[in-house]
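Work through the exercises below with the sequence and the model open. Each task is followed by a worked solution.

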Amino acid sequence: MIASTKGWQGARAVTPEAPARVVATPRKGASIELDDVGLRVGPEGSEVEILRSTSLRVAAGEFVCLLGPSGSGKSTILNLVAGLAPPTSGRVLEGERPVSGPGPDRAVVFQDAALFPWLRLRDNIEFPLKLQGVERAVRAARSEELLRLVHLWRFRGCYPHELSGGMRQRGAIARALAADPCVLLMDEPFAALDSQTREILQGELERIWSATGKTVLFVTHNVWEAVRLADRVVLMATRPGRILHEQTIDLPRPRAATDENVGVLVAGIARRIAHEVEKVAREEADDAWVAPRTGRGDDPRWDMGGGI
Amino acid sequence: MTILAGIWAVASELVRSPLAPGPADVARALLTGIRDGTLVRALLTSVVRLVIGYGVALTLGVPLGTALARSRLVKQTIGPVVLGLSSVPSICWLPLAILWFGLSEIAIQLVVVLGAALPIAVATENAVKHVPPSIERAARTMGAHGPRLMLAVTLPAALPGILGGAKIGWTFALRSLMAGELLFVSGGLGQLLETGRDLGDTALVLAVVVVIVAVGRASELLLFARADRAIARRWGVEGA
């Protein structure tokens, strides 16, 4: 990767070769709707409520980030939309159609990339097409197009362990796009990467998203990442997981961390979820733990009992 | 090697007993055995048995291990039996096998298959259990499910562990076969060992041991070295 690592500048929305290459990605995004969805797990009687009556609508082609501390049900929502688990109550819709199981129209990118170690990068990207019985020549053309889109064409013959974390993640994005899904579900895809690689990949993702017009549902616990990428940020609360607040990000792209409007939004969102983050930290630490005074928790609404 | 053989030669010269043959005696016994065909016939008999028994053990052991890893019903019913049986040295089945099948190939194969299939099943179970969940989840989101998911994703992902089990299974098969042939008059290297004992021919006994070592090494090089390299290439150092 040769892109500049100087902060957001690596995020320049479109590189010259990209748009022409994505012609064979005709399927645009589809809308997603969660209608009063709840999820409980565990044996009857001692069930745990993972997600409480959640309703969320994501428009076709929209980029929505789910933001919250661990245990707030962000990944659960992703799994429900992916069809990996059925909800206990409510409905999940893709377009007009209820989600009844996993399908190639909704692709998932995982935090650990989850490329198949026994396949070369190119075969990894062709794997979803092979599952669908796409013939060899078409697969080859498609994988070349995608490898060029994520700038990994030179590494097509490598096995995943020979690639860096950032390269694996770009490979996983290419694989997710292979079957031309309508919805891209991303579960903290950049969380395990160093901050420079992360910045670059955020830029790449923004570019790919604007070039393909897919609907993106992106889970993160990083406020800046959410504000930078999303059309709309959905803040999540814990125990049980539920939606706390929705915030539309109406700023021009690409967004810079140094931009004053961005800074205000990031600080505001961080303050809103500070209480939830603290709640999780408190549960995971022993009684002697004291919340650090970050200066963000000074919103009186969240300062419940802090001075006792 | 040369130094060890030298020490061996000197030692056997000093002892000067028919019970301690030198390397030259063993080499002579090897040559005689090859020339008159007894050793070659015994080797062929054993290798054919080994290949058949091992093949059956693999085709039984891998599906059994997969079922143990994936089906709660199988795990709860057959699981304890498999664990219990795998702690029994397979040669203990020989008397029963002879009672059931007589002095036949089936009896000796039963010992080989039981000896190899159970460790293969246990290793496969472990390997399948430790496939990273995100690998299978990723495959499911692409629309893979059922047997397709198992064959195209789960088993390849478990391959390094299954290969480890296959190696253990091979050595268990070889051991079971040798033990079986020793106790059981039916040709093969094990029986040739027994013949050597009957004749008091220590050189022949040692010559057969040399052949058994060679079989073990050759199978390692021919069967598993390439698979090991392929795994190391794909998985990196981890799988090596």
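**Exercise 1. The contact between the chains**

How many residues does the contact take from chain A, and how many from chain B?

Solution. The model is a predicted one.
- Step 1: count each side; chain A gives 20 residues to the contact and chain B gives 16 residues.
- Step 2: look for the elements involved; on the side of chain A that touches chain B, β6 and α3 (121-131) of chain A each supply at least two residues.
- Step 3: sort that side of chain A by class, which gives 16 nonpolar, two polar and two charged residues.

**Exercise 2. The open sheet**

Find the order of the six strands in the open sheet of chain A, and state which strands stand at the edges.

Solution.
- Step 1: trace the sheet across; the order is β6-β7-β8-β3-β9-β10 (chain A), and the pairing is mixed.
- Step 2: take the two ends of that order. β6 (106-109) and β10 (242-248) of chain A each have a single partner strand, so one side of each has no neighbour in the sheet.
- Step 3: follow the twist, which averages 20 degrees from one strand to the next.

**Exercise 3. Strand β9 and its surroundings**

Describe how β9(A) pairs with β3(A) and β10(A), and decide whether β9(A) is largely enclosed or open.

Solution.
- Step 1: take the β3(A) side. β3(A) and β9(A) run parallel and are joined by four bridges, with C65(A) opposite V233(A).
- Step 2: take the β10(A) side. Six bridges join β9 (residues 232-237) of chain A to β10(A), and these two run antiparallel. Here V234(A) faces E246(A), and A237(A) stands opposite R242(A).
- Step 3: examine the connection. β9(A) and β10(A) form a hairpin with four residues between them, and R239(A) in the turn has a positive phi of about 45 degrees.
- Step 4: add the helix. α8 (residues 260-284) of chain A lies across β3 (63-67), β9 and β10 of chain A, at about 20 degrees to β9(A).
- Step 5: check burial. Because five of the six residues of β9(A) are buried, this strand is largely enclosed by the rest of the structure.

**Exercise 4. A157(B)**

Is A157(B) buried or exposed, and which residues does A157(B) touch?

Solution.
- Step 1: place the residue; A157(B) lies in helix α9 (residues 146-182) of chain B.
- Step 2: apply the cut-off of 20 or more C-beta atoms within 10 Å. A157(B) has 22 C-beta neighbours inside 10 Å and therefore counts as buried.
- Step 3: list the contacts. Leaving out residues up to four places away in sequence, A157(B) touches F116(A), V131(B) and I135(B).
- Step 4: check a distance; the C-alpha atoms of A157(B) and V128(B) are separated by 7.9 Å, with the two residues 29 residues apart along the chain.

How values were computed. Residues numbered from 1 in each chain as written. Chains lettered and ligands numbered in written order. Predicted model: local features only at pLDDT ≥ 70, side-chain atom pairs only at ≥ 80, totals over all residues. Pairing = 2+ DSSP bridges. Axes fitted to C-alpha atoms, helices over the stretch in contact; angles between N-to-C directions. Contact = placed C-beta atoms within 7 Å. Nonpolar A, V, L, I, M, F, W, Y, C, P; charged D, E, K, R; others polar. Buried ≥ 20, exposed ≤ 12 C-beta atoms within 10 Å, placed from the backbone.
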